Amino acid sequence: MPEYKELLSRARKLRHDMTKEERHLWYDFLRGYSPRFSRQKLVAPYILDFYCSTAALAVELDGGQHYEDAGKAYDEHRTAYLQQQGIQVLRFSNLDVIRNFDGVCRQIDIEVKKRLTEKSRQP
């Protein structure tokens, strides 16, 4: 239980200390998006940058550390775990958000609609 409380505390801190790219995506797109997204959502043992429970979709923004060998291995393990939980993960670099914000938003919208259509077809 103490570990869970630490994760919750960390998620709260991350919500407060968002990167400028996270802040841009949140305030200029995801905050008003329907279905609703949460930011810094705890899906133990991980904290997702943004998460839409209706579509079971995580959106992750990656800084430079994610492109180093250790970061890539960690992200692969994390993504595999989330996919086992039924959560699809979309990853964008911080540079994508800066240089192609509209494209990032379009891709998120496409994936949400695709996931919702797939869920509606399930028995």
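Arg91 sits in between: at 27% relative accessibility, this residue counts as partly exposed. Keep in mind that the model here is a predicted one. The side chain of Arg91 meets that of Asp75 in a salt bridge, with 3.5 Å from N to O. What parts of the chain does this pair link? Distant ones: Arg91 belongs to strand S4 (residues 88–93), Asp75 belongs to helix H3 (residues 69–84), and the two are 16 residues apart. Asp75 is buried, with a relative accessible area of 7%. There is a third member to meet as well, since Asp62, Asp75 and Arg91 are linked in a network of salt bridges.

**Other charged pairs**

Side chains of opposite charge can pair when their charged atoms come close. How many salt bridges turn up in a search of the whole structure? The search finds 5. Here are three of them, including the one you have just met.

| Salt bridge | N to O distance |
|---|---|
| Arg91 and Asp75 | 3.5 Å |
| Lys113 and Asp109 | 2.9 Å |
| Lys114 and Glu111 | 4.0 Å |

Now look at helix H5 (residues 101–121), where Lys113 and Asp109 both lie. These two are 4 residues apart, or about one turn of the helix. Lys114 and Glu111 are also in helix H5, and because they are 3 residues apart, about one helical turn separates them. Is each partner of that second pair buried or partly exposed? Lys114 is partly exposed, with a relative accessible area of 43%, whereas Glu111, at 8% relative accessibility, counts as buried.

**A charge without a salt bridge**

Head over to strand S2 (residues 46–52), and you'll find Asp49. Asp49 is buried yet has no salt bridge. Which side chain of opposite charge is nearest to Asp49? That would be Arg78, 5.8 Å away. A salt bridge needs the nitrogen within 4 Å of the carboxyl oxygen, so a pair at 5.8 Å doesn't make the cut.

Asp49 does have a polar partner, though: a polar atom of its side chain lies 2.8 Å from the backbone nitrogen of Leu61. Leu61 also shows up among the contacts of Asp49 once you leave aside neighbours within four places in sequence. Also on that list are Glu22, Ser38, Arg39, Gln40, Val59 and Glu60.

**Rings together**

Next up, the aromatic side chains. A pair of aromatic rings is described by the distance of the centres and the angle of the planes. The structure holds 5 aromatic pairs. One of them is Tyr33 with Phe37, an edge-to-face pair with 5.8 Å centre to centre and 65° between the planes. Tyr33 and Phe37 are both buried. Add Phe29 and you get a trio, as Phe29, Tyr33 and Phe37 form one aromatic cluster.

**The whole chain**

Time to zoom out. The protein chain has 5 helices and 4 strands, and reading along the sequence gives the pattern α-α-β-β-β-α-β-α-α. What share of the 123 residues is buried? Buried residues make up 41%. The accessible surface of the chain comes to about 7700 Å², with 49% of this area belonging to carbon and sulfur atoms.

Finally, consider contacts between residues at least 6 apart in sequence: 59% of these join residues at least 24 apart.

Definitions and conventions
Residues numbered from 1 in each chain as written. Predicted model: local features only at pLDDT ≥ 70, side-chain atom pairs only at ≥ 80, totals over all residues. Heavy atoms only, no water. Buried < 20%, exposed > 50% of the residue type's maximum accessible area, 1.4 Å probe, protein only. Lys, Arg positive; Asp, Glu negative; His and termini not counted. Polar contact = N/O pair within 3.5 Å; in protein donor to acceptor, adjacent residues only side chain to side chain. Contact = heavy atoms within 4.5 Å. Phe/Tyr/Trp six-rings, centres within 6.5 Å; stacked < 30°, edge-to-face > 60°. Areas by Shrake-Rupley, 256 points an atom, 1.4 Å probe, with all protein chains shown as cover.
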